[in-house]
Amino acid sequence: MTNSTLSRLGELANLFFKLGVIGFGGPVVHIAMIEDEVVKRRQWLTREHFLDLLGATNLIPGPNSTEMAIHNCNQRFFMAIGLVFSQSR
């Protein structure tokens with residue numbers, strides 16, 4: 001992996017560790033915190049895309065905030081993997 005990919009993974013790990021430590025109040029609060037960090041502060045996703053992911057999350061049984069974290073990490077990580085493969089050619 002390249003340094004930029006490792007940097008992105010480290011950034012994701014730090015963000016979701018922070019949210020896990022300071023988050024209190026259940027899935028609704030976690031989702032609001034994820035939206036604030038991912039959409040407003042870091043601008044990794046647009047609000048519309050975040051809401052699409054939230055809608056998909058509500059269709060899947062299980063803890064919504066955990067699923068939102070997984071969706072957001074997949075969006076960020078797979079973009080990084082795509083950059084690695086595109087530069088290796």
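## Helical architecture and nonpolar core

Of the 89 residues in the protein chain, 31% are buried. The model is a predicted one. Its secondary structure amounts to 4 helices and 0 strands, and the order of elements from the N terminus is α-α-α-α. Among contacts in the protein chain with a separation of 6 or more, 45% join residues 24 or more positions apart. The exposed area of the chain is about 5,800 Å², of which 62% comes from carbon and sulfur atoms.

The largest nonpolar core holds 16 residues, and those with the most contacts inside it are Leu15, Phe16, Leu19, Ile34, Val38, Phe50 and Met68. Each of the four helices tabulated here supplies at least two residues of this core.

| Helix | Residue range |
|---|---|
| H1 | residues 3-22 |
| H2 | residues 27-41 |
| H3 | residues 47-59 |
| H4 | residues 64-87 |

Helix H2 gives the most to the core, with 5 residues. The buried residues of H2 are not limited to nonpolar types: Glu35 and Glu37 are listed together with Ile31, Met33, Ile34, Val38 and Val39. The 15 residues of H2 should span 21 Å at 1.5 Å a residue, and the 20 Å between its end C-alpha atoms therefore agrees with expectation. Just after H2, Gln43 adopts a positive phi of about 55 degrees.

Phe50 is one of the core residues with the most contacts inside the core. Leaving aside residues up to four places away in sequence, Phe50 touches Ile31, Ile34, Glu35, Val39, Leu45, Met68 and Asn72. In soluble globular proteins, nonpolar side chains tend to be buried together.

Definitions and conventions:
Residues numbered from 1 in each chain as written. Predicted model: local features only at pLDDT ≥ 70, side-chain atom pairs only at ≥ 80, totals over all residues. Heavy atoms only, no water. Core = buried A, V, L, I, M, F, W, Y, C linked by side-chain atoms within 4.5 Å. Buried < 20%, exposed > 50% of the residue type's maximum accessible area, 1.4 Å probe, protein only. Contact = heavy atoms within 4.5 Å. Expected span 1.5 Å × (residues − 1). Areas by Shrake-Rupley, 256 points an atom, 1.4 Å probe, with all protein chains shown as cover.
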